[in-house]
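Please look over the sequence and the model below before reading on. The text then leads through them one region at a time.

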Amino acid sequence: MECNLIDDLERTARRLGQKTALTENGENACTYEALRQTARRAGTALARAGVSGRTVLVAAERSVQTVQAMFSVLYAGAAYVPLDISGPTARLADICAALEQPPVICTRSQLERCDALTRLCSRVLIWEELTGQPEDALLLEELRKNTAPDQTMCVLFTSGSTGVPKGVVKTHRAMDRFETAFVEQFSLGEDDCWGNQSPFYFDASAKELYSAIRTGATLHILPTGLFSQPLALMRRLDELGIDTISWVPSALCIITRMDTFSAYVPKGLKRVFFVGEVFPVEHFRQWQAALPGTVFTNLYGPTETAGIACWCTLPPAFAGDTLPIGGPLKGVTVELHAPDGGLVEQPEAQGEIWLGGPTLAREYLNDPERTAAAFVEREGRRFYRTGDFARRDGEGRLVFCSRADHQIKHMGHRIELGEIEARAGRCAGVDRCCCVYDAPRQRLVLFYQGSAPMKELYVELRRELPRYMVPARLVPCDALPCNANGKLDRTAMQRRAADM
């Protein structure tokens, strides 16, 4: 039977009400019943404020309160958009414009730190005031009954090649289908203890948060600063009893680069999922050698799916040169297509990954042209064209090869290089620019033509872009190389970046 996240929380709270659902690094613990009650009170206040059926921004931080706020929006019969309020004001303005000046939920402290919310949003709803209202059980039940499976659950904004972020619209049905398959595939349960690394405005966090809510597991929200202290981080996993993590490879590589396992190896980890970008094999082998009893699983899935689409649990002492992304999660269809749209079925031949099934996002918000280009019909079935190229190895497993465009994964975030170029191109003294990704060094390199002083340009980009999108290297050029067609020769600049 189809359900939504509210149904999950209600069932788990009835069954395990006094169990800890969430903590912030072991502090500010919140039980399932407390999560339910807080979200219901705030949801009642939101519904009375007229947000039902609307899209509501949630000022998202690594906190229990963020999760409570997201669930309160769902109780109110609305859809939530987690928002990184520490990002550049220009990006916040783009998102608010795309949502047509939505209401926003934030704490008083968050509003003091980001007063632009008052200007960019139609209404500011203070969290402390929302939670002080009594719940209306009849109102909430009516809203829950009227929440259709295909109704928007949330909108997540990703980087956009035009310089404007794209809103990926996800439905209740898509998330339900994903969680059902994910929990079943990996035998997840109430005894699991998750260590959260991904911000709640990043789609990778959905697996651990909503799996925990469905099964009754405990989720510890680990502070960002802890990931710059790898030895303390590994010790903290054991102190909190964390046995399951789903981290981006960038975070996992910090541990191995600092040779942390020579000083301390966590004793309780039974599952390590990694997702969001390619995990360098040499670093993966160090993890596997340090934790021989741990199950390691490579996950693959773009934001345009509810969670992940493919998975591959790696055998002990994996000896290959590339980590495969494996095969589809239950209910997901995966096909490889040639540029002409035909199927690629021969072993080792590359094709673009097309994903089908009920976990697909519905659309890009208010962008029918881009939606039509990315979400296509084939033989009566709907597919998402990922832009990722893969091949099947000798065992039939999918192996990621490359991107079809200039979209990359860096520090666990999906980035359109074109968005960086669009922002840099607006800076004074930049006539033309090109951003490339130096994958071996995991750094962004921006080549630019113009009179802008390098130091001043760097300061401007730090002001205009999220931290993970700021190029590590700026390279002024008298002229940018072009190919025979007069287009920027990205291949030449990619080679130059590799040689620097």
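What follows covers helix packing, salt bridges, aromatic pairs and one buried histidine. The model is a predicted one.

The first region is built around helix H2. Two packed helices are described by the angle between their axes and the distance between the axes. For helix H2 (residues 32-48) and helix H8 (residues 137-145), the angle is about 75° and the axes are 10 Å apart. An angle from 65 to 115 degrees counts as roughly perpendicular, and H2 and H8 are therefore roughly perpendicular to each other. On the H2 side the contact is formed by Arg40, Gly43, Thr44, Ala47 and Arg48, and on the H8 side by Ala137, Leu139, Leu140 and Leu143. Sorted by class, the residues in the contact of H2 with H8 are five nonpolar, two polar and two charged.

Arg40 of H2 also takes part in a salt bridge, with Glu10 as its partner. Side chains of opposite charge can pair when their charged atoms come close. In the pair of Arg40 and Glu10, the N to O distance is 3.0 Å. Arg40 belongs to helix H2 and Glu10 to helix H1, so this salt bridge ties together parts that are 30 residues apart in sequence. Arg40 has a relative accessible area of 8% and is therefore buried, the cut-off for buried being under 20%.

Glu10 has a further partner in Arg36, with a salt bridge of 2.9 Å from N to O. This pair again links distant parts of the chain, since Glu10 is in helix H1 (residues 5-16) and Arg36 is in helix H2, 26 residues apart. At 4% relative accessibility, Glu10 counts as buried. Arg36 is buried too, with a relative accessible area of 18%. The two pairs are part of a network of salt bridges that links Glu10, Glu33, Arg36, Arg40 and Glu135. Over the structure, the count of salt bridges comes to 34.

A second pair of helices to inspect is H9 and H10. The axes of H9 and helix H10 (residues 205-215) cross at roughly 80° and come within 10 Å. H9 and H10 are therefore roughly perpendicular to each other. H9 contributes Met175, Asp176, Phe178, Glu179, Thr180, Phe182 and Val183 to the contact, while H10 contributes Ala206, Lys207, Tyr210, Ser211, Arg214 and Thr215. The contact of H9 with H10 comprises six nonpolar, three polar and four charged residues.

Two of the H9 contact residues, Phe178 and Phe182, also belong to an aromatic cluster. Ring pairs join Phe178, Phe182, Phe186, Trp194, Phe273 and Trp311 in that cluster. Across the whole structure, a search finds 17 aromatic pairs. In the pair of Phe186 and Trp311, the ring centres are 5.4 Å apart and the planes stand at 80°, so the pair is edge-to-face. Phe186 sits in the loop between helix H9 (172-185) and strand S9 (193-196), and Trp311 in strand S14 (residues 310-313), so this pair ties together parts that are 125 residues apart in sequence. Phe186 is buried, with a relative accessible area of 10%, whereas Trp311 is partly exposed, with a relative accessible area of 22%.

Which strands hold the rings of the pair formed by Trp354 and Phe383? Trp354 is in strand S17 (residues 351-356) and Phe383 in strand S20 (residues 381-392), so the pair ties together parts that are 29 residues apart in sequence. The ring centres of Trp354 and Phe383 are 6.1 Å apart and their planes are at 50°, so the pair is tilted. Trp354 and Phe383 are both buried.

S17 and S20 are also linked by a salt bridge: Glu352 lies in strand S17 and Arg385 in strand S20, so the pair ties together parts that are 33 residues apart in sequence. The closest N and O atoms of Glu352 and Arg385 are 2.9 Å apart. Glu352 is buried, with a relative accessible area of 8%, while Arg385 counts as partly exposed at 31% relative accessibility.

The last stop is His172, which lies in helix H9. Is His172 buried or exposed? With a relative accessible area of 4%, His172 is buried. Apart from its neighbours within four places in sequence, His172 is in contact with Cys3, Asn4, Leu74, Thr147, Ala148, Pro149, Gln151, Thr152 and Met153.

Key:
Residues are numbered from 1 along each chain as its sequence is written. This is a predicted model: local features need pLDDT of at least 70, side-chain atom pairs count only at pLDDT 80 or more; totals for chains, interfaces and linings use all residues. Side-chain values use heavy atoms; hydrogens and water are left out. Axes are lines fitted to C-alpha atoms, for helices over the stretch in contact, and angles run from 0 to 180 degrees between N-to-C directions. Helices (H or I, at least four residues) and strands (E, at least two) are DSSP runs, numbered from the N terminus. Angles under 35 degrees count as roughly parallel, over 145 as roughly antiparallel, 65 to 115 as roughly perpendicular and the rest as oblique. Contact means heavy atoms within 4.5 Å. Ala, Val, Leu, Ile, Met, Phe, Trp, Tyr, Cys and Pro count as nonpolar, Asp, Glu, Lys and Arg as charged, and the others, Gly among them, as polar. Rings of Phe, Tyr and Trp (its six-membered ring) pair if their centres lie within 6.5 Å; planes under 30 degrees apart count as stacked, over 60 as edge-to-face and the rest as tilted. Buried means under 20% relative accessible area, exposed over 50%, partly exposed in between (1.4 Å probe, protein chains only). A salt bridge is a side-chain nitrogen of Lys or Arg within 4 Å of a carboxyl oxygen of Asp or Glu.
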